[in-house]
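Subject: A structure for you to explore

Hi there,

I'm passing on a structure that I hope you will enjoy looking through. Open it in your viewer first, and then read on for what turned up.

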Amino acid sequence: MSSRTDTDIALRASKVSKSFGGVHAVADVSIDAPKGTITAVIGPNGAGKTSLFNVLTGFDQADAGEVTLFGKRIEGEPAWKIARSGMVRSFQTPVGFPLLSVWENLMTAGADASESLWRGLFRRGQWRGLERDTAARADALLTELGLASVKDQRLEDLTAGQTKLVDFARLLMVEPQMVLLDEPAAGVAPSGIGRLAEQVRNLRERGITLLIIDHNIQFVFEVSEYIYVMAEGRVVVSGTPKEIAEHPMVAEIYLGSSK
Ligand SMILES: Nc1ncnc2c1ncn2[C@@H]1O[C@H](COP(=O)(O)OP(=O)(O)OP(=O)(O)O)[C@@H](O)[C@H]1O
Ligand SMILES: [Mg+2]
């Protein structure tokens, strides 16, 4: 990674720390997500992966450290501002509106960025006539993700795997440059993992940079170019999938902690 210049880096965390009481959830973590690549963060439950995502995306404040997004310092900025700078994230538990249809869920996500989510939600009666571009984008994404047949179903009636894909589609409605995914493969049936991997790679082909947390090691090895392994708040090993697969410490960390 040292051969890369700063301009090649989409997202950089330098010595980021976050504690909760006496728990060092994130301790001195430094990671790079090079532009146009897929980088992964793995590690056992409680390693600090989600806490790291929270501080990178402004959903929580780091105690120390620097974060740069496309060369611009963003630590301490609020989540909405970071999202508007082009970085969006998914949550470990998918968010969305359970009682709205899949299509409506995409439309709320694609509402003009200057509007609040709620305002977008209450304007939904006007969508079909007024927001053709957004609607066309929603339809295209639903087709691309294999969700066209469930577009009129309520989110609460979908399978866990379909809900994850809707969550994914909602992120893409805002045309981000950097996407952080917190366990995209969790709850997705084995038969759906291939499609998910394909979608993730499609994003990279479009020039989007990805940082992915997942416990599905096979999925991670398949899609990512570089992997950071966290344990007890720290990055303990990093390397290519091949290097990680062969690393004795990784096997040790994962023993008895598979999910
Ligand atoms: N809001 C919070 N308040 C107190 N402790 C927290 C909070 N969020 C996280 N922690 C603690 O920080 C540590 C790291 O948690 P985190 O959720 O970041 O781990 P993770 O790697 O995402 O785990 P998992 O794989 O289970 O999702 C854990 O010990 C957790 O209990
Ligand atoms: Mg987590």
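Glu-183 is found in the loop that runs between strand 7 and helix 8 (190-205). Keep in mind from the start that this is a predicted model. The phi angle of Glu-183 is near 60°, which is a positive value in a residue other than glycine. Is Glu-183 buried or exposed? With a relative accessible area of 4%, Glu-183 is buried, because anything under 20% counts as such.

There is another residue to set beside it. Glu-175 also has a positive phi, of about 50°, although it is not a glycine. Look for Glu-175 in the loop between helix 7 (160-172) and strand 7 (178-182). Glu-175 counts as exposed, at 56% relative accessibility. A positive phi also turns up at Gly-58, which follows helix 1 and has a value near 80°.

Now to the ligands, starting with ligand 1. Which residues come nearest to ligand 1? Of the 14 residues around it, they are Gly-46, Lys-49, Ser-51, Gln-92 and His-215. If you like to check distances yourself, here are some to try:

- Ser-51 has a polar side-chain atom 2.6 Å from an oxygen atom of ligand 1.
- In the side chain of Lys-49, an N or O atom is 2.7 Å from an oxygen atom of ligand 1.
- Gly-48 uses its backbone instead: an N or O atom there lies 3.0 Å from an oxygen atom of ligand 1.

On its own, ligand 1 has 640 Å² of accessible area, and the protein covers 62% of that. Two or more residues of the shell around ligand 1 are given by strand 2 (23-34) and by helix 1 (49-56). Helix 1 provides the largest share of that shell, with 3 residues. By type, the shell around ligand 1 divides into 5 nonpolar, 7 polar and 2 charged residues.

Since helix 1 keeps coming up, have a look at how covered it is. Of the 8 residues in helix 1, 7 are buried, so the helix is mostly covered. The buried ones are Lys-49, Ser-51, Leu-52, Phe-53, Asn-54, Val-55 and Leu-56. Thr-50, by contrast, is partly exposed, with a relative accessible area of 26%.

Thr-50 brings us to ligand 2, a magnesium ion. Which protein donors does the magnesium ion have? They are Thr-50, through OG1, and Gln-92, through OE1, and they lie 2.0 to 2.3 Å from the ion. Thr-50 sits in helix 1, while Gln-92 sits in the loop between strand 6 (87-89) and helix 3 (102-110), so the pair ties together parts that are 42 residues apart in sequence. Gln-92 is partly exposed as well, at 33% relative accessible area.

The loop between strand 6 and helix 3 is worth a longer visit. Val-95 has its place there too, and Val-95 is partly exposed, with a relative accessible area of 41%. The C-alpha atom of Val-95 is separated by 9.1 Å from that of Thr-163, and these residues are 68 apart along the chain. Helix 3, at the end of this loop, has 8 of its 9 residues buried, so it is largely enclosed by the rest of the structure. Among the buried residues of helix 3 are Trp-103, Leu-106 and Met-107.

Last of all, the aromatic rings. How many aromatic pairs are there? The count comes to 2. In one, the rings of Phe-59 and Phe-91 have centres 5.1 Å apart and planes at 90°, so this pair is edge-to-face. Phe-59 belongs to the loop between helix 1 and strand 4 (64-69), and Phe-91 to the loop between strand 6 and helix 3, so parts 32 residues apart in sequence are tied together. Phe-59 is partly exposed at 47% relative accessible area, and Phe-91 is partly exposed at 25%. The rings of Tyr-226 and Tyr-228 have centres 5.3 Å apart and planes at 65°, so that pair is edge-to-face too. Both Tyr-226 and Tyr-228 are buried.

Happy exploring, and do write back with any questions!

Best wishes

Definitions and conventions: Residues numbered from 1 in each chain as written. Chains lettered and ligands numbered in written order. Predicted model: local features only at pLDDT ≥ 70, side-chain atom pairs only at ≥ 80, totals over all residues. Heavy atoms only, no water. Near = heavy atom within 4 Å. Polar contact = N/O pair within 3.5 Å; in protein donor to acceptor, adjacent residues only side chain to side chain. Areas by Shrake-Rupley, 256 points an atom, 1.4 Å probe, with all protein chains shown as cover. Helix = DSSP H or I, 4+ residues; strand = E, 2+ residues; numbered from the N terminus. Nonpolar A, V, L, I, M, F, W, Y, C, P; charged D, E, K, R; others polar. Donors = N, O, S within 2.8 Å, 3.2 Å for Na, K, Ca; no water. Buried < 20%, exposed > 50% of the residue type's maximum accessible area, 1.4 Å probe, protein only. Phe/Tyr/Trp six-rings, centres within 6.5 Å; stacked < 30°, edge-to-face > 60°.
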